[in-house]
Amino acid sequence: MASRCSTAGLGYVAPTEGSGNTCIMDKADTVAVESHRYYLARRTVLEMLRDRGCVIADYEFTRTLTEFRLVFGDEPDPDHLRICVPLSSKPSKKILVIFCNPGDINKATAKHMLLNITNKDTLLRIILVLQGKMNIHARALFNESEVKVEFFPITELFVNITKHVAAPKHEILTAEQKEQMLKKYELADTQIPYMWVDDAIARYYGLEKKQVVKITYNSNITGSYVTYRCVI
């Protein structure tokens, strides 16, 4: 039986050997996969920004892959995928998302990227979508930035982890809501079950240490119940 080659998780299947072609993608196939992966990653980023309270136009969530290719091309330039959107609660503050070029990032590359980011005083966060490795010197430079920098490998963004059918509902408590919850249950921060700051959900929402998440589970077996997690 002829074997089939597929790109991991992107829904593309290369021609079979029985069709007279090999399982090596030609340029057209490569272009199809490249634009598809950018489309999926950018859509997840937009959903993440919306869930963090940013203002995102509705058309961004209804845009099809075909429409994406019409706007950004079959081989999108990562620079053109950049996103900078304000918070609905504080429009003067924005989150900037940069899709990095393919390849590894060293200290010189990181320095160049930081120097080319303007209006840093208006930025709350910078999110880098990585397409290669980043060495410790580059990461240290970003960590020293006056604006907090977050890192997401592009492969982590092909699927929105919060949209999984089994994923519970997550709600980020405000400082006031947290105090009310602690008072209601007569608890201290240290008595709440924890969530690591580098947990996938904590990273998705951009949570800081000591923030509290309300998690609502709905199950046909156990029914609906609520628990809380404190980020550490």
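Which exposed residues does the face of H6 turned away from its buried side carry? In this predicted model, the exposed residues on that face are Glu176, Lys183 and Lys184. Buried positions in H6 include Lys178, Met181 and Leu182. These three lie on the same side of H6, because the arc they cover around the axis is only 95°. The cover over the buried residues of H6 includes E7 and E8.

Just after H6, Glu186 adopts a positive phi of about 55°, although Glu186 is not a glycine. Glu186 belongs to the loop that links helix H6 (175-185) with strand E6 (194-195). With a relative accessible area of 69%, Glu186 is exposed. A positive phi of about 55° is also found at Asn119, likewise a residue that is not a glycine. Asn119 is placed in the loop between helix H4 (107-115) and strand E3 (123-130). The relative accessible area of Asn119 is 52%, so Asn119 counts as exposed.

The strands E7 and E8, which contribute to the cover of H6, belong to an open sheet of four strands. The strand order is E5-E7-E8-E6, and the pairing is mixed. Strand E5 (169-172) and E6 occupy the edges; each has a single partner strand, so one side of each is left without a neighbour in the sheet. Within the sheet, E7 and strand E8 (residues 223-231) run antiparallel and are joined by eight bridges. Opposite Ile215 stands Thr227 in E8.

Beyond E6, the chain enters the loop between E6 and helix H7 (200-205), where Val197 is located. Val197 has a relative accessibility of 32% and therefore counts as partly exposed. Val197 and Glu208 are eleven residues apart along the chain, and their C-alpha atoms are separated by 6.7 Å. When neighbours within four places in sequence are left aside, the contacts of Val197 are Ala202, Arg203, Leu207, Lys209, Val231 and Ile232.

A further set of paired strands involves E1, E2 and E3. Strand E1 (residues 83-86) is antiparallel to E2, and four bridges join the two. In this pairing, Val85 has Ile95 of E2 as its bridge partner. E2 also pairs with E3, here in the parallel sense and over six bridges. Ile95 takes part in this pairing as well, with Arg125 as its bridge partner in E3. Strand E2 (residues 94-99) is mostly covered, since five of its six residues are buried.

The connection from E2 to E3 includes H4, and together E2, H4 and E3 make a right-handed β-α-β unit. At the start of H4, the backbone nitrogen of Ala108 has a side-chain oxygen of Asn106 within 3.2 Å. Ala110, Met113 and Leu114 are buried in H4. They are on the same side of H4, because they cover an arc of only 95° around the axis. The other side of H4 has Ala108, Lys111, His112 and Leu115 as exposed residues. Packing of the buried residues of H4 is against E2, E3 and helix H5 (136-143).

In soluble globular proteins, nonpolar side chains tend to be buried together. The largest nonpolar core in the model comprises 34 residues, and Val45, Leu49, Val97 and Phe99 have the most contacts inside it. At least two residues of this core come from each of helix H1 (27-51), helix H3 (65-72), E1, E2, E3, H7 and strand E7 (212-219). H1 gives the most, with eight residues. Another core, of 19 residues, lies apart from the largest one; among its members are Leu96, Met113, Leu128 and Phe151. Met113 is also one of the buried residues of H4. In the case of Val97, residues up to four places away in sequence not being counted, the residues touched are Val45, Leu49, Arg82, Ile83, Ile127 and Val129.

Definitions and conventions
Residues are numbered from 1 along each chain as its sequence is written. This is a predicted model: local features need pLDDT of at least 70, side-chain atom pairs count only at pLDDT 80 or more; totals for chains, interfaces and linings use all residues. Side-chain values use heavy atoms; hydrogens and water are left out. Buried means under 20% relative accessible area, exposed over 50%, partly exposed in between (1.4 Å probe, protein chains only). Two strands pair if DSSP finds at least two bridges between them. A crossover is right-handed if, with the strands pointing away from the viewer, the path from the first strand over the helix to the second runs clockwise. The arc is that of the directions from the helix axis to the C-beta atoms. Contact means heavy atoms within 4.5 Å. A polar contact is a pair of N or O atoms within 3.5 Å; within protein, one must be able to donate a hydrogen and the other to accept it, and residues adjacent in sequence count only if both atoms are side-chain atoms. A nonpolar core is a set of buried Ala, Val, Leu, Ile, Met, Phe, Trp, Tyr and Cys residues joined through side-chain atoms within 4.5 Å.
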